[in-house]
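Biologist: Please take a close look at one part of this model for me. I would like the sheet, and what lies around it.

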Amino acid sequence: MIRKIGMRDESTKSVTDRERRRVVAALLAGGTFAGLNSTPSSAQDASGVDGLKNPLLWAMAYKQTAAEFYALCHQAYNLARMRIDIAVAERKSGDRPLAVITDMDNTILHAMSYWGYLINEGRDFFDDAIWDEWLPNNLITSVPGSNDFFNYCNGKGVDVFYVTNRNQGERTFEYALAHLRHLDFPIDAEDKLFVFRDSSDKSPARQKIEETHEVALMLGDNLNDYRRDYYVNDIDERRALMERDRDDWGTKFILIPNPTDGHWVRAIFGDSEPPPTDENRRILKDAATRVAWDGKS
Ligand SMILES: [Mg+2]
C-alpha cells in the first residue's frame with residue numbers, strides 16, 4: 001500500500017509556488033533568472049555571490065571532509081544500537097512489537113553532490129528547483145553507520161519506519177522508496193514509508209505507528225523529527241523546548257548533525273528555504289554574530 005498523508009501548513013508550498021518564489025527572488029535581487037543548467041560566467045552568479053565568499057563553504061567543507069563529522073554520525077548510530085539492545089532486552093512476551101522511526105534526508109541519506117553543485121553554481125541558499133532535479137538521480141549516499149544500524153534492527157525483529165517530508169510531485173513516494181532500495185536500507189513493505197508532501201508535520205505518522213508498536217527510538221536531524229511542538233519560529237523558544245526534553249537526547253531521540261538546512265534555518269529567517277537576497281544574507285550575518293566580542297574589553 002502506498003501511504004501518502006497530506007496536511008498543508010504555512011511552511012510548505014507547492015512546487016509551482018516555490019518555483020515562482022525563486023524566480024521572483026532572483027529578479028528582486030537585481031539579477032536575471034538563470035535556468036537550472038546554467039553556469040555562472042564569472043565568480044559571481046545572478047544573485048551577486050562571490051564563489052569564494054559563499055557562506056555555505058565552511059558548513060559544506062565540514063560535511064564533505066571532516067572525519068569528526070562522520071565520527072558524530074557513527075557516535076549517534078552506536079548510541080542508537082545500545083538503546084535498541086536495552087529495549088529488546090527489556091521486552092516481555094505480549095508486548096507490542098518494537099519500532100524505530102527515522103527521518104530520511106540528513107539522517108540516513110547525505111546529499112553532498114547537490115550542495116557541491118549549488119556552490120559551484122554560485123548559489124548560497126537551498127534551491128528547491130535544483131533539489132527536485134537532482135533527487136531522482138539516486139546520487140544520495142548513506143550516512144555512516146545508518147545502514148548497519150537499520151539492518152541490525154531488522155535482524156532483531158525491530159520494525160523500521162521511514163518518515164520524510166518531500167515534494168517532487170506525483171512521483172515523490174516512488175523516488176523516496178528508490179533511495180531506500182538503492183542503498184539497501186531494509187524495507188519489507190511500502191507501508192513502512194510515510195511521505196508527507198504538503199506538510200512538515202510528521203505527527204500523524206508517529207500516531208499511526210504507536211497504534212500498533214512500542215516506539216523504542218526516533219532518529220532525525222531536525223527537532224521536528226521528534227515532536228511537533230518544537231515547530232516554533234523563535235530561536236530562544238526553540239532552544240528552551242529542546243532543553244525541556246534534555247533527558248530524551250541520546251535515550252529516546254538520536255540526532256545527526258546538519259549545519260546546512262532544517263528548521264534551525266526557519267527559526268532564523270522565518271522560512272526553511274529563504275530566498276537568496278542580500279536582506280537574508282544580512283539576517284544570516286546577524287545570526288552568526290548574535291554574540292560577538294567588541295574587540296575592546
Ligand atoms: Mg532530515
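Modeller: Here is a walk through the sheet, the helices on it and one loop residue. Keep in mind that the model is predicted.

Start with the strand order. The sheet is open and has five strands, in the order 5-4-1-6-7. Their pairing is parallel. Strand 5 (193-196) and strand 7 (253-255) form the edges, each pairing on one side only. Neighbouring strands are turned against each other by 20° on average, direction ignored. In general, strands of a sheet pair through backbone hydrogen bonds.

Now look at one pair. Strand 1 covers residues 98-102, and strand 4 covers residues 159-165. The two run parallel and are joined by four bridges. Thr102 has Tyr162 of strand 4 as its bridge partner.

Next come the helices. Helix 8 (residues 203-210) packs on the sheet. Helix 8 touches strand 1, strand 4, strand 5 and strand 6. Its direction makes about 170° with that of strand 1. Helix 3 (residues 67-90) lies across strand 1, strand 6 (214-220) and strand 7. Helix 3 runs at about 180° to strand 6.

Last, the loop that leads into strand 4. Gly157 sits there, between helix 6 (146-155) and strand 4. Count its surroundings: 10 other C-beta atoms lie within 10 Å. The cut-off for exposed is 12 or fewer, so Gly157 is exposed. Its C-alpha atom is 8.9 Å from that of Val88. Along the chain, Gly157 and Val88 are 69 residues apart.

Technical notes:
Residues are numbered from 1 along each chain as its sequence is written. This is a predicted model: local features need pLDDT of at least 70, side-chain atom pairs count only at pLDDT 80 or more; totals for chains, interfaces and linings use all residues. Two strands pair if DSSP finds at least two bridges between them. Axes are lines fitted to C-alpha atoms, for helices over the stretch in contact, and angles run from 0 to 180 degrees between N-to-C directions. Two residues are in contact if their C-beta atoms, placed from the backbone, lie within 7 Å. A residue is buried if 20 or more other C-beta atoms lie within 10 Å of its own, exposed if 12 or fewer, and partly exposed in between; C-beta atoms are placed from the backbone.
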